[in-house]
Amino acid sequence: MDNSHKSSCPICQRWFMVLFLKSEAKELALTVFPVNMKNPEPEFKEYHATPPVVVLVQENVVLTDNLRIEQYINSRFTSLDLTSDKEAENVCSDLYIKFNAYLKAVDQTAVQSKERQLLMELKRLNDFLDMRGTMFLSGNEMTLIDCDVMPKLQHIRIAGKAYRNFEVPVELDSLWRYMRSCYETKAFKESCPYDQDIILHYEGKVPLKPLGKNPTLQRASTTLSIPQTAIEN
């Protein structure tokens, strides 16, 4: 909607959250400013014919691969350990893949099938959180997996509703409690894009138009609420 807004890309939000957590731990000083991809920084132009989502530049080090960026940040800033539990990583591995397939499905049979698959992944995550009984996926502190998964859950919530009238089932109590824990962190609140920008993120990428009023005609807003039943439980 506006080039001054925070990026709607979940990968960008992931790194925003990671660096925000590192800054809260006093490992670095974080200043955030948006890059206008119509006129991107030289590093975006130089290292890929198609601009990469994230580029890390540190003195003579330039990285565009997410795994190498993660390894570099972990080795460069070591005070706060954000290492995730492998089981937590595995339980989330297909979630966003299933969501994208659901949005891109065309015929009704495929749509219904992809929706069931997405619901299965959400229930799998809910059951894992229920078994763990922790605030976050790897424990009671945020780790890398939370920074990866929570932006994707926000996309499922906002874009799923806008394009497919899909809602995360209210009975997935543990999942909603997890989302509430993430919503209450500064790392997520500061990095979260506007709902309207999340919706526009999928424009031209899916064979649908968003339901209801055009996002560009709406006032920018951010949904961080959870169902009352999840609060009560």
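**Helix packing and exposed loops in a predicted model**

In helix α1, the buried residues are Pro-10, Gln-13, Arg-14, Trp-15, Phe-16, Met-17, Val-18, Phe-20, Leu-21, Lys-22 and Ser-23. Before I go further, I should state that the structure before you is a predicted model.

Let me stay with α1 for a moment. This helix is mostly covered, with 11 of its 15 residues buried. What do those buried residues pack against? Their partners are α3 (66–76), α5, α7, α9 (186–191) and α10 (195–201). As for its length, α1 runs over residues 10–24, and 15 residues at 1.5 Å a residue should span 21 Å. The end C-alpha atoms are indeed 21 Å apart, which agrees with that expectation.

One residue of α1 deserves individual attention, namely Gln-13. Is Gln-13 buried or exposed? Its relative accessibility is 2%, and a residue under 20% is called buried, so Gln-13 counts as buried. Leaving aside residues up to four places away in sequence, Gln-13 touches Pro-151, Phe-188, Ser-191, Cys-192 and Pro-193.

I turn now to the loop that follows. Just after α1 comes Lys-26, which takes a positive phi of about 65°. As background, most residues other than glycine have a negative phi. Lys-26 is a residue other than glycine, and its phi is nonetheless positive. Where does Lys-26 lie? It sits in the loop between α1 and α2 (42–47). With a relative accessibility of 73%, Lys-26 counts as exposed.

A second case of this kind is Glu-59, which has a positive phi of about 55° although it is not a glycine. Glu-59 belongs to the loop between β1 (56–58) and β2 (61–63). Its relative accessible area is 71%, and Glu-59 is therefore exposed.

Next, I would ask you to look at how helices meet. In general terms, two packed helices are described by the angle between their axes and the distance between the axes.

The first pair is α5, residues 95–104, and α7, residues 144–164. Their axes come within 10 Å and cross at roughly 15°. That angle makes α5 roughly parallel to α7, and the crossing of the two is left-handed. Which residues make the contact? On the α5 side they are Leu-95, Tyr-96, Phe-99, Tyr-102, Leu-103 and Lys-104. On the α7 side they are Val-149, Lys-152, Leu-153, His-155, Ile-156, Ala-159, Gly-160, Tyr-163 and Arg-164. By class, the residues of this contact divide into 10 nonpolar, two polar and three charged.

Helix α7 itself has 21 residues, and the distance from its first C-alpha to its last is 29 Å. That is close to the 30 Å expected at 1.5 Å a residue. Of those 21 residues, 20 are buried, so α7 is largely enclosed by the rest of the structure. Just after α7 we find Asn-165, with a positive phi of about 55°.

The second pair is α6, residues 108–132, and α8, residues 173–183. How do these two helices cross? Their axes come within 7 Å, at an angle of roughly 80°. The helices α6 and α8 are therefore roughly perpendicular to each other. From α6, the contact uses Leu-122, Leu-125, Asn-126, Leu-129 and Asp-130. These residues meet Asp-173, Ser-174, Leu-175 and Tyr-178 in α8. The contact of α6 with α8 comprises five nonpolar, two polar and two charged residues.

Finally, I would mention two residues in other helices. Lys-86 is found in helix α4, residues 86–91. At a relative accessible area of 58%, Lys-86 is exposed. Lys-86 and Ile-145 are 59 residues apart along the chain, and their C-alpha atoms are separated by 9.2 Å.

The other residue is Asn-74, which lies in helix α3. Asn-74 has a relative accessible area of 31% and is partly exposed. From Asn-74 to Met-142 there are 68 residues in sequence and 15 Å in space, taken C-alpha to C-alpha.

To close, I return to two points. Helix α7 is largely enclosed by the rest of the structure, and α1 is mostly covered. In the loops, Lys-26 and Glu-59 are exposed. Thank you for your attention.

Note on methods. Residues numbered from 1 in each chain as written. Predicted model: local features only at pLDDT ≥ 70, side-chain atom pairs only at ≥ 80, totals over all residues. Heavy atoms only, no water. Axes fitted to C-alpha atoms, helices over the stretch in contact; angles between N-to-C directions. Helix = DSSP H or I, 4+ residues; strand = E, 2+ residues; numbered from the N terminus. Parallel < 35°, antiparallel > 145°, perpendicular 65-115°, else oblique. Left-handed = near helix turned anticlockwise from the far one by under 90°. Contact = heavy atoms within 4.5 Å. Nonpolar A, V, L, I, M, F, W, Y, C, P; charged D, E, K, R; others polar. Expected span 1.5 Å × (residues − 1). Buried < 20%, exposed > 50% of the residue type's maximum accessible area, 1.4 Å probe, protein only.
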